[in-house]
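Trainee: Could you take me on a close look at a single part of this protein, and then show me how its surroundings fit together? I would love one connected walk-through.

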Amino acid sequence: AYNRNLSIYLLIGTVFIIMLFLFAAVRLWDYALLYNKIKEVDKTKDEFISIASHELRAPVTGIKGHTSMMLDGSLGIINDRVKNSTEMIQLAAERLNVLVEDLLDVSRIEQGRMKIDSEPANISRTIKRAIKELKVQSDIKGIIINYKPFIDSFPLINIDTKRLDQVFINIIGNAIKYTDEGSIDITVEVKNDKFLEIKIKDTGMGMSAKDRARLFEKFYRVQNKKTKGITGTGLGLWISKRLIELMDGSISVDSIEGVGTQFTIQFPIVKNKN
């Protein structure tokens, strides 16, 4: 009787275990199907962003071209009222153009199609170009940009100068955007004879540890009372980080609320083969 009961219990236990395995297998299958559906939706989303961005590019370029011709008098003299409206249209078109270019960059990076043409270059020229391009914005806010290279001779680093222009314009532009008064200090120095280190430090509003931890996430923007009214897509830093990494560099951020923010970028120095 004992052996018969034991056999029954073993049979029931075996059936129960088999049922558990079957249940787990069914759930795993469901999760696999759901994962594939999510991947398909994500792929469709990326394709839509890419196509939509390309389609938007042409009309935005057309709007910018025609408003420029209106403002420079190519299409005849316009009164002040029309001029003000045209300037607003041009500004809106420029903002839309930035969004379109950002979305195209996101699409290229995520699909592995971002082309990086790195070659040994002097980073000082790139920094100076970015400062020059952003001079109007900094002057309007009364913010001084101090460029302090702590080295006399710049070692070469492998960079795509066009893409690094984009990175510096984004980061320095953000520093101007989030700083109401004070200055932005840009320093360059060699670290351990291996890396060229660029620091961009502002005296702006700073950010919390929570915001700092998520700063390089796609579409993430710092949201509080101080940032209300400041426009942006939340894509600039995400794109900048990936561009830097594609050039074998790194970027980090330190920030204190009410004090300011500092970005640190490093690139390996090109070793002299001689």
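Mentor: Happy to! Let's begin at the N-terminal end of α2, which is capped by Asn-79: one of its side-chain oxygens sits 3.2 Å from the backbone nitrogen of Arg-81. Please keep in mind throughout that this is a predicted model.

The helix that follows, α2, covers residues 80-110. A quick check on its geometry is possible: at 1.5 Å a residue, its 31 residues should span 45 Å, and the end C-alpha atoms are indeed 45 Å apart, so the expected and the computed span agree. Which residues of α2 are buried? They are Thr-86, Ala-93, Asn-97, Val-100, Asp-102, Leu-103, Leu-104, Asp-105, Val-106, Ser-107, Arg-108 and Ile-109. Just after the helix, Gly-112 adopts a positive phi of about 70 degrees.

Now let's see what meets α2 from elsewhere in the chain. One visitor is Thr-233, in the loop between α6 (209-214) and α7. Setting aside neighbours within four places in sequence, Thr-233 is in contact with Leu-99 and Asp-102, as well as with Phe-219 and Arg-221. Its C-alpha atom is 9.5 Å from that of Leu-103, although the two positions lie 130 residues apart along the chain count. Is Thr-233 buried or exposed? Neither label fits: with a relative accessible area of 26%, Thr-233 is partly exposed, because buried requires under 20% and exposed requires over 50%.

A second visitor is Arg-163, which belongs to helix α5. Beyond residues up to four places away in sequence, Arg-163 touches Asp-105 and Arg-108, and also Met-114, Ile-116, Leu-243 and Met-247. Asp-105 and Arg-108 are both among the buried residues of α2. Arg-163 has a relative accessible area of 14%, so Arg-163 counts as buried too. Its side chain also makes a polar contact of 2.6 Å with the side chain of Gln-166.

From Arg-163 we can follow α5, residues 161-177, to another helix, α3, residues 123-133. The axes of these two helices come within 9 Å and cross at roughly 45 degrees. That angle makes α3 oblique to α5, and the crossing is right-handed. On the α3 side, the contact is made by Ile-123, Thr-126, Ile-127, Arg-129, Ala-130 and Glu-133. On the α5 side, the partners are Thr-161, Leu-164, Asp-165, Phe-168, Ile-169 and Ile-172.

While we are at α3, have a look at Ser-124, which lies in that helix. Its relative accessible area is 7%, so Ser-124 is buried. What does Ser-124 touch, not counting residues up to four places away in sequence? The answer is Tyr-147 and Phe-154. The C-alpha atoms of Ser-124 and Tyr-147 are 9.6 Å apart, with a separation of 23 residues along the chain.

Helix α5 also leads us to α7, residues 236-246, where Ser-240 is placed. Leaving out its neighbours within four places in sequence, Ser-240 is in contact with Val-167 and Asn-170. At a relative accessible area of 3%, Ser-240 is buried. A polar atom of the Ser-240 side chain lies 2.8 Å from the backbone oxygen of Gly-236.

Two loop residues deserve a stop for their backbone angles. Asp-248 sits in the loop between α7 and β6 (250-256). Its phi is near 65 degrees, a positive value in a residue other than glycine. With 62% relative accessible area, Asp-248 is exposed. Asn-192, in the loop between β4 (183-191) and β5 (195-202), has a phi near 55 degrees, again positive in a residue other than glycine. Asn-192 counts as exposed at 65% relative accessibility.

Finally, let's step back to the whole chain. The protein has 7 helices and 7 strands, and from the N terminus on they run α-α-β-α-α-β-β-α-β-β-α-α-β-β. Of its 274 residues, 35% count as buried. Among contacts with a separation of 6 or more, 71% come from residues 24 or more positions apart. The contacts of Thr-233 with Leu-99 and Asp-102, and those of Arg-163 with Asp-105 and Arg-108, are good places to begin your own tour around α2.

How values were computed:
Residues numbered from 1 in each chain as written. Predicted model: local features only at pLDDT ≥ 70, side-chain atom pairs only at ≥ 80, totals over all residues. Heavy atoms only, no water. Helix = DSSP H or I, 4+ residues; strand = E, 2+ residues; numbered from the N terminus. Expected span 1.5 Å × (residues − 1). Buried < 20%, exposed > 50% of the residue type's maximum accessible area, 1.4 Å probe, protein only. Polar contact = N/O pair within 3.5 Å; in protein donor to acceptor, adjacent residues only side chain to side chain. Axes fitted to C-alpha atoms, helices over the stretch in contact; angles between N-to-C directions. Parallel < 35°, antiparallel > 145°, perpendicular 65-115°, else oblique. Left-handed = near helix turned anticlockwise from the far one by under 90°. Contact = heavy atoms within 4.5 Å.
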